[in-house]
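Reader: I am new to this structure and would be grateful for a close look at a single part of it, taken slowly. Please then set that part against the chain around it, so that I can find my way from one place to the next.

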Amino acid sequence: MRKLQQAIEPHLAAALSEVGIDDTSNLASLLQRVKEESQGDVALPCFTFAKHLGRAPAEFAAELADALQATVASESLLAEVHAVGGFLNFRADVSTLAQEVIPQTLADPAAAGHARDPSALLIEHTSANPNGPFHVGRSRNAILGDCFVRLHRLAGDEVRAEYYVDDMGKQVGILAWALENLDDDRVNEVLAAAGIDEESNHPDKVDHQRVRNYQAANVLRDDDPGIEEAVSEMVRLSEEADPDTLDAFGKAYQPVLDGMLDTLDRLGIQYDSFTKESRFIIDGSVDVVLAELRQSELAAQAENGAWYLELAERGVAGKNTRFYFQRGDGSSLYATRDIAYHRWKWTQADRLLNILGEDHRLQSHQVAVALGEVGESSPEVVFYAFTKLPDGKMSTRRGNVVFMDDLLDEATARATEVVSTIRTDLDDESLTTIGEAVGISSVRFNILRVSPEKGINFRWEDALSLEADSAPFLMYSHARACSIVRRLLDDGHDVEAALASVGDLDWSGLSESAAGLVRRISRFAEELNSSIENRRPNQFSSYLLALATDYNRFYRDNPVRTPDGIDVNNLALSEAARHLISAGCYGFGVIPLESM
RNA sequence: GGGCGCGUAGCAUAGUCCGGAUAAUGCACUGGCCUCCUAAGCCGGGGACCGCGGGUUCAAAUCCUGCCGCGCCCGCCA
């Protein structure tokens, strides 16, 4: 549709100038998509112009429509222009559109989402403290982050997925202390007494084992100041980058992190790099940041020698507008190390994107201001609201969690059951494969289809929903398209040869549903890119669902297999749609099976 | 107390950034379509004071403003 807009703009500007409207500089922003698709593709509301000229909008629009009839004849992409009320509606010529977009999509499906120059992008996401199994509360970050990674790759960007490992904080300190000081009997005893002693469904996974020590230590810590002191001492040493302490921390958290990464891997989420927080203490860059921040005009010192930036004038309000970056004892804080981390990240990419929970909004703003003070740019940030349980926010520490391993097991089991009722012809192995793919895809998609800033109340039936407007619907549409090709090959047809002539096809006389599919296909790249730029993956998910719906409508009354062989137009359309559905599925981590 | 986010049919959401045409989709409710490429599909019906009140505008779910409800944050924690 963008091409259509560009094609009409000059003609429209000329026509407007004829009737006395000279300022047409904002024409592009006035042109909009027609909501009711039967009315056309692109519309120009004429109310402002009409008012300016003191004329009736409908009459004015009709006059413009008349003046543009010659343009309809000269522009191959434009099929029709007419006035409806005060709107001037343009309709694209679908056969020209198909001629352009279908061969292009089939020739290079991987480039279907490219619409601009690629950039080198570093996306940091997940970065969860390695203190226990990966849980559903944390998963929105990882699933959203991984989706951005995938969508940007679809758009042609060079993306690096980065996990920031908090290897020196209090969480890891408590874990390390607990592993060293609490044996299994003690852990069992403490957790039983505290009432958070649920039996793990994954007793063999190290992250599920060690989280019990962590939880027990947190219980004990509440009324034993000695533990608090011991942990604090370890944390202090880690902040000085004491090698023995960091080594002990590493031994404590690495197996837990590995367990979390296994879970993430099952979800289809991988990382290109892991960066440890301690790195920026060790290489001295935190000290450099501290020195530079102290030079800031916003910097001031508290009575005990601690340093802060006064942010009252920088849009920070509340009880406390101070951003502390150095403690009274001279040591750094988490946020300070984050500044050093971001400075380093800027050496790795042209664009930075962070995925953060809504609880990090203030801190992210503080870090952004501080980055400005040391001469660095701020990253782009996507904030998401929490996934809550009926009992409130999930917490590893309090045992109020749904572990992702359990959710995936349950999702897979339920999906497998559904598949087995639909496909009675399949063996157990196939059922399991499909069930696993459907279960995982559904869990991901059910999170991605809602706006990041909107809170999610976790409910099993929602998280595991397999209904339409969901991952299985996309997967099913894809499987249908695959099935067509499979049947053609079974019949002995040469599908590749049939498609070789796609550039010469005549696309006139498309059915309504086929034309609808062509229009939808033609918008793939602009929908993808606008979704990325708005940082709302759910926008592209809506598009993808609409694409699948249009494909299913097309499928209903446009047979590819005909009594005489193959309808090549329909085959080309089906294949183009299949490639795009598959690409879109990739973007959301939905697994496009060939059969289900 | 202050800052930020959210509030759309019974439920779950889209649309809000950038104001436009009968507020879109799924579930649930309901009627139809498989001698024809997978019915996890397609076609139709009923169901909405777009949280509430003001304002701006030819036009407001969308912008401004005041309330109300829910959430997050306001550590020399991470």
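Author: A good place to begin is the second largest pocket, where helix α6 supplies the largest share of the lining, five residues. Please keep in mind throughout that this is a predicted model, and that what follows is computed from its atoms.

How many residues line the second largest pocket, and which of them lie nearest its centre? The lining counts 23 residues, and those nearest the centre are Lys-3, Val-101, Gln-104, Ser-522 and Ala-525. Two or more lining residues come from each of α1 (2-18), α6 (94-107), α22 (512-522) and α23 (524-533). The volume of this second largest pocket is about 490 Å³. Sorted by class, its lining holds 13 nonpolar residues, together with five polar and five charged ones. Space of this kind is found by rolling a probe the size of a water molecule over the atoms, which shows where they leave room.

From the pocket one can follow helix α23 onward to Asn-534, which is found in the loop between α23 and α24 (537-557). Is Asn-534 buried or exposed, or does it fall in between? Asn-534 counts as partly exposed, because its relative accessibility is 44%, and the range for that class runs from 20% to 50%. The side chain of Asn-534 is joined to that of Gln-539 by a polar contact of 3.1 Å. Asn-534 can also be set against Asn-131, which is 403 residues away along the chain: the C-alpha atoms of the two are separated by 33 Å.

A second loop to visit is the one between β5 (120-124) and α7 (136-154), where Ser-127 has its place. Ser-127 has a relative accessible area of 18% and is therefore buried, the limit being under 20%. Its side chain reaches the backbone nitrogen of Tyr-164 at 3.0 Å. The backbone of Ser-127 also deserves a look, for its phi is positive, about 45°, although Ser-127 is not a glycine. Most residues other than glycine have a negative phi. Ala-241 is another non-glycine residue with a positive phi, near 60°, and it lies in the loop between α11 (225-239) and α12 (243-266). Ala-241 has a relative accessibility of 16%, so it counts as buried.

Turning to the strands, β8 (residues 299-301) and β9 (residues 307-310) pair in the antiparallel sense over three bridges, and Ala-300 has Tyr-308 in β9 as its bridge partner. These two strands form a hairpin with five residues between them, and in the turn Gly-305 has a positive phi of about 95°. Strand β9 pairs in the antiparallel sense with β10 (residues 322-326) as well, over four bridges; here Glu-310 has Arg-322 of β10 as its bridge partner.

Elsewhere, an open sheet of three strands takes the order β14-β13-β15, with mixed pairing. Strands β14 (392-393) and β15 (456-457) stand at its edges with a single partner strand each, so one side of each has no neighbour in the sheet. Strand β13 (residues 387-389) runs parallel to β15 and is joined to it by two bridges, and one pairing to look for is that of Lys-388 with Asn-457 in β15.

As for cysteines, the count of disulfides comes to zero. Cys-482, for instance, is in no disulfide, and the nearest cysteine sulfur, that of Cys-585, is 10 Å away, whereas a disulfide would need the two sulfur atoms within 2.5 Å. Cys-482 counts as buried because its relative accessibility is 7%, and Cys-46, at 0%, is likewise buried.

To place these parts in the whole, chain A has 25 helices and 17 strands, and its C-alpha atoms fill a box of roughly 85 × 65 × 40 Å along the principal axes. Of the 596 residues in chain A, 54% are buried.

Terms used
Residues are numbered from 1 along each chain as its sequence is written. Chains are lettered from A and ligands numbered from 1 in the order in which they are written. This is a predicted model: local features need pLDDT of at least 70, side-chain atom pairs count only at pLDDT 80 or more; totals for chains, interfaces and linings use all residues. Side-chain values use heavy atoms; hydrogens and water are left out. Two strands pair if DSSP finds at least two bridges between them. Buried means under 20% relative accessible area, exposed over 50%, partly exposed in between (1.4 Å probe, protein chains only). On a 1 Å grid over the protein atoms alone, a cavity is a set of points where a 1.4 Å probe fits but cannot get out, and a pocket is an open set with protein on both sides within 12 Å along at least five of seven lines; lining residues have an atom within 4 Å of a point. Grid points are joined across faces, edges and corners, and a volume is the space filled by probe spheres set on the points. Ala, Val, Leu, Ile, Met, Phe, Trp, Tyr, Cys and Pro count as nonpolar, Asp, Glu, Lys and Arg as charged, and the others, Gly among them, as polar. A polar contact is a pair of N or O atoms within 3.5 Å; within protein, one must be able to donate a hydrogen and the other to accept it, and residues adjacent in sequence count only if both atoms are side-chain atoms.
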